[in-house]
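Dear colleague,

I am passing on the structure below, together with some notes on what turned up when I went through it. Please have a look at it alongside the text that follows.

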Amino acid sequence: MTREQTRHSKDWYNWLSRYYDVFIDPFQGRLRRRGIEYLNASRDDFVLDVGCGTGRGVARLQTAVGADGHVVGIDVAERMCDLTRGRLDNGSPSTVVCGDALMLPFDTDSFDIVLVSFTLELFEDNHQMTLLEEVRRVLKPHGRICVISPSKSTSTIVSPLYARLNEAFPKLVDSSPLSVSAVLTEAGFEIVRTQIERVLIVPVELVVARCGSSI
């Protein structure tokens, strides 16, 4: 994203935050929970949730990793971050950072697992690669990533229609479907598992991958 696009995205998601759990999460939550299940987090893993939204994923991931693990949520929208903090129990080891996914403010090899749920598709193609390069940097060797995104990999009229709606109404339909497995492979990840689900009639791709050799 350009600086201007980032500002508009932040403004939009700050406004949307008050309605997100009512109107958006009922459609996305089931698949996010499925992706977290597929990641099979260990009790002491360090986990990053990129585009954490209102924090439902952060809370579920913290339960998965237990008191010896640690979950960090990052989101560009301050109000989303505030809602995530409010969702966490007092004394939770989870933390929330307001920041840009294209410049992750974390050390190299910091995380065992990264979740990118309904976030990668919000970025333009070249910035998707930048985001994934940042994820590779902060993931430990052989660390795992799960990306959940509307898919254009299936033969259907829905994905082209979704893309046209994005062109016509970029704020309301603020993403375009992508071939998740292909994008992850291009970014140097090794695909472990791929599954196609549906949100209403929209195909959604859940892909688990791990860090491969450097590219």
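Please keep in mind throughout that this is a predicted model. I begin with one pairing in the sheet and work outwards from there: aspartate 49 stands opposite glycine 73, which belongs to strand β2. The strand that β2 meets on this side is β1 (residues 46–50), and the two run parallel, joined by five bridges. Between them in the β-α-β unit comes helix α3 (residues 56–65), and the unit made by β1, α3 and β2 is right-handed.

Strand β2 also pairs with strand β3 (residues 95–98), again in parallel, through four bridges; here valine 72 has threonine 95 of β3 as its bridge partner. Helix α4 (residues 78–87) joins β2 and β3 in a β-α-β unit that is right-handed.

As for how well β2 itself is covered, six of the six residues in this strand (residues 70–75) are buried. In a regular strand the side chains alternate between the two faces of the sheet. In β2 both faces are covered, with His70, Val72 and Ile74 buried on one side and Val71, Gly73 and Asp75 buried on the other.

Turning to the aromatic rings, the count comes to four aromatic pairs. One of them joins tryptophan 15 and tyrosine 19, whose ring centres are 5.1 Å apart and whose planes meet at 55°; this angle falls between the limits of 30 and 60 degrees, so the pair is tilted. Both residues lie in helix α1 (residues 3–23), where they are four residues apart, or about one turn of the helix. Tryptophan 15 has a relative accessibility of 40% and therefore counts as partly exposed, and tyrosine 19, with a relative accessible area of 31%, is likewise partly exposed.

Another aromatic pair is formed by phenylalanine 106 and phenylalanine 111, which are arranged edge-to-face, with 5.3 Å from centre to centre and 85° between the planes; both of these residues are buried. Returning to tryptophan 15 and tyrosine 19, I would add that ring pairs link Trp12, Trp15, Tyr19 and Phe23 into a cluster.

Finally, there are two places to inspect where an arginine lies over the face of a ring: arginine 193 over tyrosine 38, at 3.7 Å from the ring centre, and arginine 136 over phenylalanine 189, at 5.7 Å from the ring centre.

With best regards

Notes
Residues are numbered from 1 along each chain as its sequence is written. This is a predicted model: local features need pLDDT of at least 70, side-chain atom pairs count only at pLDDT 80 or more; totals for chains, interfaces and linings use all residues. Side-chain values use heavy atoms; hydrogens and water are left out. Buried means under 20% relative accessible area, exposed over 50%, partly exposed in between (1.4 Å probe, protein chains only). Two strands pair if DSSP finds at least two bridges between them. A crossover is right-handed if, with the strands pointing away from the viewer, the path from the first strand over the helix to the second runs clockwise. Rings of Phe, Tyr and Trp (its six-membered ring) pair if their centres lie within 6.5 Å; planes under 30 degrees apart count as stacked, over 60 as edge-to-face and the rest as tilted. A charge sits over a ring if NZ of Lys or CZ of Arg is within 6 Å of the ring centre and within 35 degrees of the ring normal.
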